[in-house]
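Biologist: Got a minute to go through this one with me? Put it up on the screen and I'll start asking.

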There are 2 protein chains.
Amino acid sequence: MRTMTKSKHTAPSARERILKTAKSRFATAGFDGTSTRQIAEDADVAQSLLLYHFKSKDAIWRAVMDMLFGFADQIADDDIALSELSIEDQLMFGIRAFVDLCAEDPDLHRLMTLEGRTQSDRLTWLIENHLRRYFEPTRSLIMQGQQTGLVRQGDPTMLYYSIIAIAGTIFSFEPEMTLLDPGNKAQDREQVLNLIRSMLFNDR
Amino acid sequence: MRTMTKSKHTAPSARERILKTAKSRFATAGFDGTSTRQIAEDADVAQSLLLYHFKSKDAIWRAVMDMLFGFADQIADDDIALSELSIEDQLMFGIRAFVDLCAEDPDLHRLMTLEGRTQSDRLTWLIENHLRRYFEPTRSLIMQGQQTGLVRQGDPTMLYYSIIAIAGTIFSFEPEMTLLDPGNKAQDREQVLNLIRSMLFNDR
DNA sequence: ACATAAACTGATCGATTGATCAAGGTGGCA
DNA sequence: TGCCACCTTGATCAATCGATCAGTTTATGT
């Protein structure tokens, strides 16, 4: 099987530079706030090249999302081997992976919060192509945990989004938190993990 | 002193209609995603009227924020009379007010999340004119609570933003949650309050 | 009734947007 | 070498953007 993965030591192709710069632009300025000319300038290519590799601005956005969730899928695939673990360990494994993901690339959550606020074609595409894949199994784990008293009571969807809310917000609002409290230490992963754990599980 | 408060039974003025429609447009599509012509169409006025009442699109955005935090300030003023309550009651009073605010108008948190992700003139304006007023006293309460063992350990800024993250996300991501799980009951205020309480305080 | 200020509209400006297209460049294979 | 598929560019399109301005309507005070 041929590999499409780029080598660590070859210069990134124009297509890869476009995706990378488009990701950070979309994440900070939003879809409408980003122009294809800005992306092209950051990637040091002509604006028309973006529409050669991708046929529209929407297609660029979807390619960025596919790239981001491509990394996440690698983690999710590891989860398959975990089904013999306890419910608590399975949940904490997924949560730790998500916290790591948010810490290493805040743009992922920034992009998702930009789309989750309003019904749109991009949101329905995102749900059907990526989000549901993570939501359904995690929601199932939460409900199993609730039946044994391990996980606190409450709507599973609320608990799921509370996990996402904490991990995502803490790492993606670093600009606001730094301006408000320059010396804060809010982005410590273990601290965030303990906070989520004490919120989700009973008696700890 | 003259009152600027509109009567309940008079038709809203054009200026009020502009602010109201601008708020929902900004909250869902973002600053760049919203055009003054869209706002004008929703408010049923000419586009040039927006720039008669406010001198620029930025000024419209700031007026929307002043309006939103004007409502919040009414609650904050009540807080002054609460200084004789316990730390826990003071914290829970503020948290309950914030949860109510997020539940009644998800646009407030939607607008704040659109600005908190990137350093910008709008973010610095927002912090100095509104956000710091709520952040500093609440952070102080959290630290006092930590000294007596009432509040769990951890960076106070992290805890502050975790409260905002849960309350804000649960109510402003209703579109995404409904698409993922149409029958969810995530937006129950008491449920959200209990979740935040068990995360913030020790031993409950 | 009249005058004056405030509220409001339609037309229009230059700038920027996403998208299209023809042409130039580059590297690999026959 | 010569061909061909792929990559890349600059020019250009119609549409839309925020903003300005001249002019008309509405409200207010005397």
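Biologist: Is Thr169(A) buried or exposed?

Modeller: Thr169(A) is buried, because 27 other C-beta atoms lie within 10 Å. The cut-offs: 20 or more other C-beta atoms within 10 Å of its own is buried, 12 or fewer is exposed, in between is partly exposed, with C-beta atoms placed from the backbone. One caution: this is a predicted model, where local features need pLDDT of at least 70, side-chain atom pairs count only at pLDDT 80 or more, and totals for chains, interfaces and linings use all residues. Residues are numbered from 1 along each chain as its sequence is written, and chains are lettered from A and ligands numbered from 1 in the order in which they are written.

Biologist: Which helix is Thr169(A) in?

Modeller: Thr169(A) lies in helix 8 of chain A. Helices (H or I, at least four residues) and strands (E, at least two) are DSSP runs, numbered from the N terminus.

Biologist: What is Thr169(A) in contact with, leaving aside neighbours within four places in sequence?

Modeller: Tyr161(B) and Ala165(B). Contact means C-beta atoms, placed from the backbone, within 7 Å. Within its own chain, Thr169(A) is 9.4 Å from Thr113(A), C-alpha to C-alpha, although 56 residues separate them in sequence.

Biologist: On to the interface. How many residues of chain A are in contact with chain B?

Modeller: 43 residues of chain A, meeting 43 residues of chain B. Helix 8 of chain A gives the largest share of that side, nine residues. By class, the side of chain A that touches chain B has 18 nonpolar, 16 polar and nine charged residues. Here Ala, Val, Leu, Ile, Met, Phe, Trp, Tyr, Cys and Pro count as nonpolar, Asp, Glu, Lys and Arg as charged, and the others, Gly among them, as polar.

Biologist: What turn lays chain A on chain B?

Modeller: A turn of 180 degrees, with a shift of 0.0 Å along the axis and an RMSD of 0.0 Å. That is the relation of a two-fold axis. The fit is by least squares on the C-alpha atoms of residues with pLDDT of at least 70 in both copies. Also, 100% of the interface residues of chain A are interface residues in chain B too, so the copies meet through the same surface.

Biologist: And the largest nonpolar core, which residues have the most contacts inside it?

Modeller: Ile166(A), Ala167(A), Ile166(B) and Ala167(B), in a core of 94 residues. A nonpolar core is a set of buried Ala, Val, Leu, Ile, Met, Phe, Trp, Tyr and Cys residues joined through C-beta atoms within 7 Å. Not counting residues up to four places away in sequence, Ile166(B) touches Ser162(A), Ala165(A) and Ile166(A), along with Val192(B), Leu195(B) and Ile196(B).

Biologist: Now the DNA. Which residues are closest to strand C?

Modeller: Ser35(A), Lys57(A), Ala14(B), Ala46(B) and Ser48(B), out of 15 that surround DNA strand C. Near means that the C-beta atom, placed from the backbone, lies within 6 Å of the strand. Helix 2 (36–43) and helix 3 (47–53) of chain A give two or more residues each, as do helix 1 (14–33) and helix 3 (47–53) of chain B. The classes there are six nonpolar, six polar and three charged.

Biologist: What about strand D, which residues come nearest?

Modeller: Ala14(A), Ala46(A), Ser48(A), Ser35(B) and Lys57(B), of the 14 around DNA strand D. That surface divides into six nonpolar, six polar and two charged residues.

Biologist: Back to helix 2 of chain A. Which of its residues are buried?

Modeller: Ile39(A), Ala40(A) and Ala43(A). Seen down the helix axis, they fall within an arc of 100 degrees, so they line one face of helix 2 of chain A. The arc is that of the directions from the helix axis to the C-beta atoms. Those buried residues pack against helix 1 (14–29) and helix 3 of chain A.

Biologist: What is the phi of Asp44(A)?

Modeller: Near 60 degrees, a positive value in a residue other than glycine. Most residues other than glycine have a negative phi. Asp44(A) sits in the loop between helix 2 and helix 3 of chain A. Asp44(A) is exposed, with 10 other C-beta atoms within 10 Å.

Biologist: And Asp44(B), where is that found?

Modeller: In the loop between helix 2 and helix 3 of chain B. Asp44(B) has a positive phi of about 60 degrees.

Biologist: Last one. How many helices and strands in chain A?

Modeller: Ten helices and zero strands. Buried residues make up 35% of the 204 residues in chain A.

How values were computed:
Contact = placed C-beta atoms within 7 Å.
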